[in-house]
Amino acid sequence: MKEQKAGLLRRLYMPAVLCTVLWGSAAPCIKKGYALFAIGADAPFSQLYFAGLRFALAGLLVLFTARLMGRRILPHRDEWKPIFWICLFQSAIQYVCYYIGLSATTGTKGAVLSGTQTFFALIFAHLALPNDKMDRRKVLGCICGFAGVLALGVGGLNGFHLQGDGLVLLSAVSAGAGALVSRIYTPGRDPMLLTGWQLLCGGLFLLALGWAGGGQLGMVTPGGLLLLVYLAVLSAAAFTIWTALLGRFPVGRVSLFCFLIPVFGTLLSALVLGEQILTLRNVIALVLVSGGIAVTNGGQGSKAGRGQA
């Protein structure tokens, strides 16, 4: 029994928690990147340029990793359509909203709000897939999650800003739609190939959009470049590890760990950005959103998607 628990600790718990730490660190690290690269909150095209650099590099890293694993990395003709649709929702729309919105809110609120993508994915799956309908557990999880969003809005406009929080929430809607598109197109195809190319294409789109609008890095420092590399490695490593876990263990058992993403996002926002996280509103929202994710993923049949890329 002890050997079995030790094996699970090494093969499931530790890698899954590592993924949630990586995904949780995204929001505070992006905001730190804005400071290191001297990208202001009023410079959306520079924010998109920064995002494009990260995801183009992440896509190359995923494809390079797939190649080292002996996998095919050149898409077949019928794989470009899935790549386009996944890229549209999970890279293009999602990160246009996320990077611009995050510049106008805190890392803590960004981490909590982005966690709601799980609930939007469940709603879209209920509407579009006949064999994946809502049940009591999923409904309860969604109610908890959206109550967390309402908790962030307590206090009127001081609590919830449409320009920042609203865009981050819209990015979660797009991520939820992207999870549905992935569910439709991924079966029977190599998920690493699809993800590598959608990240690369999405990164190039964001890079071109930012460049066309005059976006640039205001300042380039060794610290900023190291952070950019970390953000790219974060996406590539977390996806590769998560995919391996889903191949070894039941989906519900792995996706249960997703509730830790907003938890680590909040804690790391305090550590990296020095944010005051122990406000009543933040704690209530964090408990409700994380609890809702845990409830919706509690069943072994859960089809929850991965975390923030």
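**Entry 1: a nonpolar patch**

I started on the surface of this predicted model. Phe45, Phe205 and Leu209 make up a nonpolar patch there, and together they offer about 250 Å² of accessible area. I then looked up Leu209 by itself. It sits in helix H9, which covers residues 191–212. Its relative accessibility is 31%, so I put it down as partly exposed.

**Entry 2: a charged patch**

Next I hunted for charge on the surface. I found a positive patch where Arg10, Arg11, Arg248 and Arg253 gather. I picked Arg248 for a closer look. Is Arg248 buried or exposed? It counts as exposed, because its relative accessibility is 59% and the cut-off for exposed is over 50%. Arg248 belongs to helix H10, residues 222–248.

**Entry 3: the overall fold**

Then I stepped back to see the whole chain. I noted 13 helices and 0 strands. Reading from the N terminus, I wrote the elements down as α-α-α-α-α-α-α-α-α-α-α-α-α. The protein chain has 309 residues, and 52% of them count as buried.

**Entry 4: salt bridges**

A reminder to myself before this one: side chains of opposite charge can pair when their charged atoms come close. How many salt bridges does a search of the whole structure find? My answer is 6. I looked up some of them one by one.

I took Asp190 with Arg71 to begin. They form a salt bridge, and their closest N and O atoms are 2.9 Å apart. This pair links distant parts of the chain, with the two positions 119 residues apart in the numbering. Asp190 is in the loop between helix H8 (162–185) and H9, while Arg71 is in the loop between helix H3 (44–68) and helix H4 (80–102). I also checked how covered each partner is. Asp190 is buried at 18% relative accessible area, and Arg71 is partly exposed at 27%.

I went on to Arg72 and Glu79. Their closest N and O atoms are 3.0 Å apart, and they form a salt bridge. Arg72 has 34% relative accessibility, so it goes down as partly exposed. Glu79 has 4%, so it goes down as buried.

My next pair was Arg183 and Asp132. Their side chains meet in a salt bridge at 2.7 Å, N to O. Where do the two partners lie? Arg183 is in helix H8, and Asp132 is in the loop between helix H6 (117–128) and helix H7 (136–152). The two are 51 residues apart in sequence, so the pair ties together separate parts of the chain. Arg183 is partly exposed at 29% relative accessible area, whereas Asp132 is buried at 9%. I also saw that Lys138 joins in: Asp132, Lys138 and Arg183 are linked in a network of salt bridges.

**Entry 5: cysteines**

I went looking for disulfides next. A disulfide is a covalent bond between the sulfur atoms of two cysteines. The search of the whole structure gave 0 disulfides.

Why does Cys19 have no disulfide? The closest cysteine sulfur belongs to Cys258 and is 9.4 Å from the sulfur of Cys19, which is too far for a bond. The cut-off I used is 2.5 Å between the sulfur atoms. Cys87 is in no disulfide either; the nearest cysteine sulfur to it is that of Cys201, 5.7 Å away. I looked up cover for both. Cys19 is buried at 0% relative accessibility, and Cys87 is buried with a relative accessible area of 9%.

**Entry 6: far in sequence, what about space?**

My last look-up was about residues that are separated along the chain. I tried Thr20 and Ile261. They are 241 residues apart in sequence, yet I get 4.8 Å between their C-alpha atoms. Thr20 is in helix H1, residues 2–24. It is buried, with a relative accessible area of 0%.

I did the same with Thr243 and Pro191. Here I noted 52 residues of separation in sequence and 7.9 Å in space, C-alpha to C-alpha. Thr243 lies in helix H10. Is Thr243 buried or exposed? It is buried, because its relative accessible area is 18% and buried means under 20%.

Conventions. Residues numbered from 1 in each chain as written. Predicted model: local features only at pLDDT ≥ 70, side-chain atom pairs only at ≥ 80, totals over all residues. Heavy atoms only, no water. Patch = residues over 30% accessible without salt bridge, like charges linked within 9 Å, V, L, I, M, F, W, Y side chains within 5 Å. Areas by Shrake-Rupley, 256 points an atom, 1.4 Å probe, with all protein chains shown as cover. Salt bridge = Lys/Arg side-chain N within 4 Å of Asp/Glu carboxyl O. Lys, Arg positive; Asp, Glu negative; His and termini not counted. Charge placed at Lys NZ, Arg CZ, Asp CG, Glu CD. Helix = DSSP H or I, 4+ residues; strand = E, 2+ residues; numbered from the N terminus. Buried < 20%, exposed > 50% of the residue type's maximum accessible area, 1.4 Å probe, protein only.
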